[in-house]
Amino acid sequence: FRPLSLPAFPLAYLTPPIHPAFLRSFLSGTLSERHRRRIGFREQTRRPELIERTVSEVAGTVLTAQLALKYGMASHLAGGTHHATGE
């Protein structure tokens, strides 16, 4: 089983809980300095590798949930670098 690639991943899976304006800014590498500092990546948020890695982690979480529903159990080892908030 493999998560979907960035171009194939349905961004609707991310909103909510992520505000659509924040998501657009993150995916385009145009987060404000305040938001970059808040999530802790600063200038790194503009790097395509970080954007793709972040979406891949979420895609893996979605895949894990789908597999758990289908098979009764699943595990996902990626992640741990998120800083989710209601903003």
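Two exercises with worked solutions follow.

This is a predicted model, in which local features need pLDDT of at least 70, side-chain atom pairs count only at pLDDT 80 or more, and totals for chains, interfaces and linings use all residues. Residues are numbered from 1 along each chain as its sequence is written, and side-chain values use heavy atoms, with hydrogens and water left out.

**Exercise 1.** Place H35 and list its side-chain polar contacts with S32 and R34.

Solution.
- Step 1: H35 sits in helix α2, residues 33-39. Helices are DSSP runs (H or I, at least four residues), numbered from the N terminus.
- Step 2: H35 has a relative accessible area of 22% and is partly exposed. The classes are buried (under 20%), exposed (over 50%) and partly exposed in between, with a 1.4 Å probe and protein chains only.
- Step 3: The H35 side chain contacts the side chain of S32 at 3.0 Å and that of R34 at 3.5 Å. A polar contact is a pair of N or O atoms within 3.5 Å; within protein, one must be able to donate a hydrogen and the other to accept it, and residues adjacent in sequence count only if both atoms are side-chain atoms.

**Exercise 2.** How many salt bridges does a search of the whole structure find?

Solution.
- Step 1: Apply the criterion: a side-chain nitrogen of Lys or Arg within 4 Å of a carboxyl oxygen of Asp or Glu.
- Step 2: The search finds 2.
- Step 3: E49 pairs with R47 at 3.3 Å, N to O. E49 is partly exposed at 49%, and R47 is partly exposed at 42%.
- Step 4: E57 pairs with R53 at 3.5 Å between the closest N and O atoms. These two are 4 residues apart in helix α3 (residues 48-71), so about one helical turn separates them. E57 is buried at 17%, whereas R53 is partly exposed at 34%.
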